Structures are given as C-alpha cells and as structure tokens.
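Work through the following exercises with the sequence and coordinates at hand, and compare each solution with the atoms themselves.

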Amino acid sequence: MARRLPLAPSALLLLLLACLLVAHGEPNRGAPRLTPIDLDLYHSSAHLMEEIKGLVHRHPDKLLMNNIRSGNRGYRAELAVVTYCRNIKEIKDNSKFRILLSFGQHGRELITSEVALRILSILTEEQFLPNVDSVSLNSFLDKLIIKVVPMENVNGRRLVEAGDLCERRNGRGVDLNRNWSVDWGKKEKDYDPYEENPGTGPFSEPESQIMRKLATSFNPHIWVNVHSGMEALFMPYDHKNTTPLGLPSTRMTLLLKELNVLHCQNRCMIGSGGGSVGYLAHGTATDYMYDIARVPMAFTFEIYGDGAASPKDCFKMFNPTDVSTYNRVLSDWSAAFFTIFKNGPRYVDEIHMRDSRPSSWESIDEYLDGYLMDRSSRYGKKVEVLDFGMQEIRTYFRLFLLSFVLLMFMFCSRISKSKFSRPVVPSMPG
Ligand SMILES: [Zn+2]
C-alpha cells in the first residue's frame, strides 16, 4: 500500500493525458463541419456600406443617403437608407411611383445585402443587366423613386460576423420580422424563442420604429422584404394561411407568377407566406405594410436556400458558398427587381383604378402612429403600453368618429325638421 501511493497520482496523470490526446485527436466526430463566411465572395458589413457610400459619392445626381438613428433602454440602432431618383432634383415629386426595398432584416442572410449593392450598382450604371440597354432602362426608371435599406439589421449582422453564424435577430435578441403590430405576439405551438422572439411589444425595437416611420413618410406603392433560406415569392398574409380578397391579391399573384417564370425558372413557391411556408408568422413587416400602411403590393422574397445543408450550418443554409451560385443569385434577383421597376407601376395602376379599399383612414393612422411614436422617445417604457394598444386605440377612435358623425346627422336632421315643420303647422287650417 505504501508504494502504491506515490504511483497512483502518476498513473492518474497518464490516464488523463491519454484521454486528452484521444479527445483532441477526434474533435466532435458527430458534429457537422460549419462553413465559415467566405470573405472572398462576400463583403463584410463595413466594406459593403463603404461600397454603397462610394456609389452615392460618385452619383450625387441619382443617389442620396440618409442615416436614421433610434434607440431605447440602452440599445441603439442606425439604418442607412439610399434613395434613387434618376434626376435627384425630382426627389420630392409626388407623382412618381414609389418602391421601398429592405434587405438584411435577418443577420445571417448576407446574400440579400449583396443583392442590394448589385441593384444600386446597376441603377447608377456602374454594372449592367445582360440584354437590357440603358435607353429602355432609363425610360421606366424616369418614373420611379426607389428607397433601398441595404442592411436593416446592422447590429445582428455584426454578431454573425463575430462568429454567431445562426443569429437572425437584432443586437438584443429580437426578431425584427415579428416585432410589427399585426397579430403581434401570438405564439404557435412550435414557437422557438431563439428564432422568433417578438420583443416586449409591437415596435419595441428601434430598427422596426425606423422602418415604420420610413414607410409612413414615403408611402410606397410596392414593398419588398428580402430574405433567404428558401426560394419563394410571398404575398400577404403571414399570420393566416389565406391571401387577401379581391383585385389587389389577383394583381400581386400575377406579378409574382411573372417573376417566377422570368427569374426563378418556376422553382419559387408562390402564395401567402402563412399558407405556403408551413408555419404562421405573427407581427411581420409585410402584413403591416399591406394591412396598416396600405401599401397596394407588399411582398416577402426568399431568394436562396440550401435545403440539404445541416440546420446548424447556417452560413451554407442561407447563403451561396460557391462563386457560380453566388453570381447566379445576384444576376437572377437583380434582374427580378428590374422587372418590378419596369412592370410594377402597371399592376398597381390597375388596382388603383378599381380598388375600393377606403383610404380616408390612412391620415388618422398616420397621425396616431406619429403621435405615439413621438411619445416613445420621451417616455421610454410607457410607450410599449401605448404601442401594444395602438390597434385598439385606432378602433376606438374610428368608432368615436363614426358615432360622432351619426349624432351630428341626427342632430342636424332634427333641427331641419323642426325648422321646416313649424311653418307647416300653422298653415294647416284646423
Ligand atoms: Zn429571414
């Protein structure tokens, strides 16, 4: 026993060393190899924004860039918004057709922001679409104002670049595509907080507040929220498995079918987000744009997905990893957006000519949105309560207006009755 004692620690040490060597020699045998971001193909977020700044600097006659900041509870966000107008002096021309595009709402979907850069490069004629001459391009670009948000979720994207390749949420863990007010906060049975955390209330996140303000002030005819993870062209609704009724829905479907044939080789899934993707999504930007902001055509595009990739291998699942697929996605989808630029106004014109959706409420909505949003910066947390009840407030306000009008009507008709009935009575001979 006495000799054993000095031997025991050395034997244990040897065993431990052997275990360490074995463990080191077989790193995570079962785990898949995760694909890193390929910086030969992809821009870093900083480099991408530098490229865009360069475009704006070289083409001040066509592009304008604004940085919009917002923040609450110690969290800040800043979004760059690039506005294209073929003659920038006409930027305030309300007769122009307005298109709002957002890219990179989810941090891990890097390819979408690459498409944004490509579109801006083509708009400024630094790059070209195959088989499209600049004369025909300019004939329809003349009529447009296009606002591009190249990277909606800058803070989330930074987390991805720091190594958290599966992060889709913003810098404090909220999914920006669940933070809008239509059907906000409803959780499905398969709800996964890592993926879909909707925030503490509708528009609790500075990024969503900035986007809502942008949509309200710009009042676009077309909205496209660009994502990756699959190939699909979605229209409302995301929170239910139906599309809206009537002509707007028909026109949206027709435009999506055209895009599918021309630019997706008919591979893209088409339909309502909620009906096609296999799960319902509550509090999405596109449902808000269609239902509340009254954008006549509101879409979510999913531009690429590798269904065969391991779910943990997020860079591969959401982004092309070889040069030919990367180039194919960029050229197919930038061409798809130019088809929208060319044909979108025609589709929306047809809706406007026959759409009977009331528009008079828009100004009330805008007023309430603006009122509650201004309060938000001043009163911080109180606003979440206001935001949460925004739709209810709006409904009560409408009911109040309606009853006020009815009362006024009854009041006036009573006055006019008594006014006109008085002389009648004495004139009637007993
Ligand atoms: Zn996404």
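**Exercise 1. Identify the protein donors of the zinc ion, and classify the geometry of its site.**

Solution. Begin with the donors, which are N, O and S atoms within 2.8 Å of the metal (3.2 Å for Na, K and Ca), bearing in mind that water is not among the atoms, so sites may look incomplete. The zinc ion is bound through His106 (ND1), through Glu109 by two entries labelled OE, and through His227 (ND1), at distances of 2.1 to 2.5 Å. This is a predicted model, in which local features need pLDDT of at least 70 and side-chain atom pairs count only at pLDDT 80 or more, while totals for chains, interfaces and linings use all residues. Residues are numbered from 1 along each chain as its sequence is written, and side-chain values use heavy atoms, with hydrogens and water left out.

Next, take the angles among the four donor atoms, which run from 55 to 138° and make the site irregular. Four donors count as tetrahedral if all angles lie between 85 and 135 degrees; four count as square planar and six as octahedral if opposite donors are over 155 degrees apart and all others between 65 and 115; anything else is irregular.

Finally, place the donors along the chain, where their spacing reads H-x2-E-x117-H. His106 sits in the loop between strand E3 (97–103) and helix H3 (110–123), whereas His227 belongs to strand E5 (residues 222–227), so that the pair links distant parts of the chain, 121 residues apart. Here helices (H or I, at least four residues) and strands (E, at least two) are DSSP runs, numbered from the N terminus. Both His106 and His227 are buried, a word that means under 20% relative accessible area, with exposed over 50% and partly exposed in between (1.4 Å probe, protein chains only).

**Exercise 2. Determine how many disulfides there are, and how the bonded cysteines are paired.**

Solution. Apply the criterion of a pair of cysteine sulfur atoms within 2.5 Å, which gives two disulfides.

One of them is formed by Cys166 and Cys314, with sulfur atoms 2.0 Å apart. This pair links distant parts of the chain, 148 residues apart, with Cys166 in the loop between helix H5 (154–161) and helix H6 (193–196) and Cys314 in helix H11 (residues 314–318). Because the torsion about the S-S bond of Cys166 and Cys314 is about 95°, this disulfide is right-handed. Cys314 counts as buried, since its relative accessibility is 3%.

Cys264 and Cys268 are likewise joined, S to S 2.0 Å, and their S-S torsion of about 75° makes this disulfide right-handed. Cys264 is buried at 1% relative accessible area, and Cys268 is buried at 6%. With the bonded cysteines numbered in sequence order, the pairing is therefore 1-4, 2-3.

**Exercise 3. Describe the surroundings of Asp238, and state whether it is buried or exposed.**

Solution. Locate Asp238 in the loop between strand E6 (230–235) and helix H8 (247–263). Asp238 is buried yet has no salt bridge, the nearest side chain of opposite charge being Arg178, 6.6 Å away. A salt bridge requires a side-chain nitrogen of Lys or Arg within 4 Å of a carboxyl oxygen of Asp or Glu; for charge, Lys and Arg count as positive and Asp and Glu as negative, while His and the chain ends are not counted. If residues up to four places away in sequence are set aside, Asp238 touches (heavy atoms within 4.5 Å) residues including Gly273, Gly274, Leu280 and Thr300.
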